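Reader: I have the structure open and would like to talk through how it is put together. Could we start with one of the turns and work outwards from there?

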Amino acid sequence: MYLTNDKQRHRLLIGSYNTRKWNDYSSLIYFEKIYGGKPLLRKIKSIGLENNIEFHSAMVQENMSGQWLSSGWIESSRLNVLSFDLRKYKYQETESFHVEDFNQNSIDDLLPLDQRIFDAYWRNSKAGFIETIESCNRNYLFKKYVDKELIGYAILGSTRSFSFLQRFGISKDYQNSGYGSSLLNAVVNFAKSKKFVNIRLNTQPNNTAAQNLYLKKGFKLTNTNSVSYTHLRAHETEADLVCRLLLE
């Protein structure tokens, strides 16, 4: 039994890994490799096929793709990594935003909004937000309101002098109205005020609206990509996989 908010640690002689349900809107199972090589990846694929379970990996750097592909896994999703150099950035006027420390007490308010922003595959869970908190030394939450309605948010994580835009979005009902641009300006100004060196983020290659927003602001594409891998279910072709993910 895999539960969305119950991440379990598994230990084998050939490696260790974490699992949980991907989120509340998909039957996929999140697989996070802690250590282990091809024998572990082949073992997890075998477990998935034998039990009709589809594992999707946590995002890993593209330069690690060799061991995944040679172990029978395929790419399921890809994120481009963009970077913004704050050292030469000058403040720009922007409206004021509510900013607070992001911690576990903030999660319940964000989950319904997150559902209105992202498609099913990319929606977060409580466990996913907790992993976001744990990935950086400190996290800041930006909230965007319209007439007292929470319509967008951003999470900026920081470790030493580097920052990471870990989550960013505007409710679909309010997109293409300039709210995303003003929210991004607030995040960048805040990061500059904290004397961070840069901001890095991940974005989907096919999300042209988001990519254009970041590039217009001054973010640059890097040579680094993050990739999630999956294994095919028995008798399923890659075309079948693409169609099924679009329907979920």
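Author: Gladly, and please keep in mind throughout that this is a predicted model. A convenient place to begin is Tyr145, whose bridge partner in E9 is Leu150.

Reader: How many bridges join E8 to E9, and which way do they run?

Author: The two strands run antiparallel and are joined by 9 bridges. Together E8 and E9 make a hairpin that has 2 residues between them, and in the turn Asp147 has a positive phi of about 50°.

Reader: And what else pairs with E8?

Author: Strand E7, residues 98-101, pairs with E8 in the antiparallel sense over 4 bridges, and within that pairing Val99 stands opposite Phe142.

Reader: How many of the residues of E8 are buried?

Author: E8 is mostly covered, since 7 of its 9 residues are buried.

Reader: Ok, switching to the interior. Which residues have the most contacts inside the largest nonpolar core?

Author: That core has 27 residues, and those with the most contacts inside it are Phe142, Leu156, Leu165, Ile199, Tyr214 and Phe219. At least two residues of the core come from each of strands E6 (74-85), E8 (138-146), E9 (149-159), E10 (162-170) and E11 (198-203), and likewise from each of helices H5 (179-193) and H6 (208-217). The element that gives the most to this core is H5, with 7 residues.

Reader: What does Leu156 touch, setting aside residues up to four places away in sequence?

Author: On that basis, Leu156 touches Arg138, Asn139, Tyr140, Phe142, Ser163, Phe164, Leu165, Val187, Phe190, Ala191, Phe196 and Ile199. Apart from the largest core lies another one, of 13 residues, which includes Tyr17, Phe31, Ile44 and Trp73.

Reader: Back to H5 for a moment: is Asn189 buried or exposed?

Author: Asn189, which has its place in helix H5, is buried, because its relative accessible area is 10% and buried means under 20%.

Reader: So what is Asn189 in contact with, leaving aside its neighbours within four places in sequence?

Author: Asn189 is then in contact with Tyr89, Tyr91, Gln92 and Thr94, and a polar contact of 2.9 Å joins its side chain to that of Tyr89.

Reader: Last one: which residues of helix H4 are buried, and what covers them?

Author: In H4, residues 126-135, the buried residues are Ala127, Gly128, Phe129, Glu131, Thr132 and Ile133. What covers them includes strands E2 (15-21) and E3 (29-35), helix H3 (107-117), and also E8, E9 and E10.

Key
Residues are numbered from 1 along each chain as its sequence is written. This is a predicted model: local features need pLDDT of at least 70, side-chain atom pairs count only at pLDDT 80 or more; totals for chains, interfaces and linings use all residues. Side-chain values use heavy atoms; hydrogens and water are left out. A nonpolar core is a set of buried Ala, Val, Leu, Ile, Met, Phe, Trp, Tyr and Cys residues joined through side-chain atoms within 4.5 Å. Buried means under 20% relative accessible area, exposed over 50%, partly exposed in between (1.4 Å probe, protein chains only). Contact means heavy atoms within 4.5 Å. A polar contact is a pair of N or O atoms within 3.5 Å; within protein, one must be able to donate a hydrogen and the other to accept it, and residues adjacent in sequence count only if both atoms are side-chain atoms. Two strands pair if DSSP finds at least two bridges between them.
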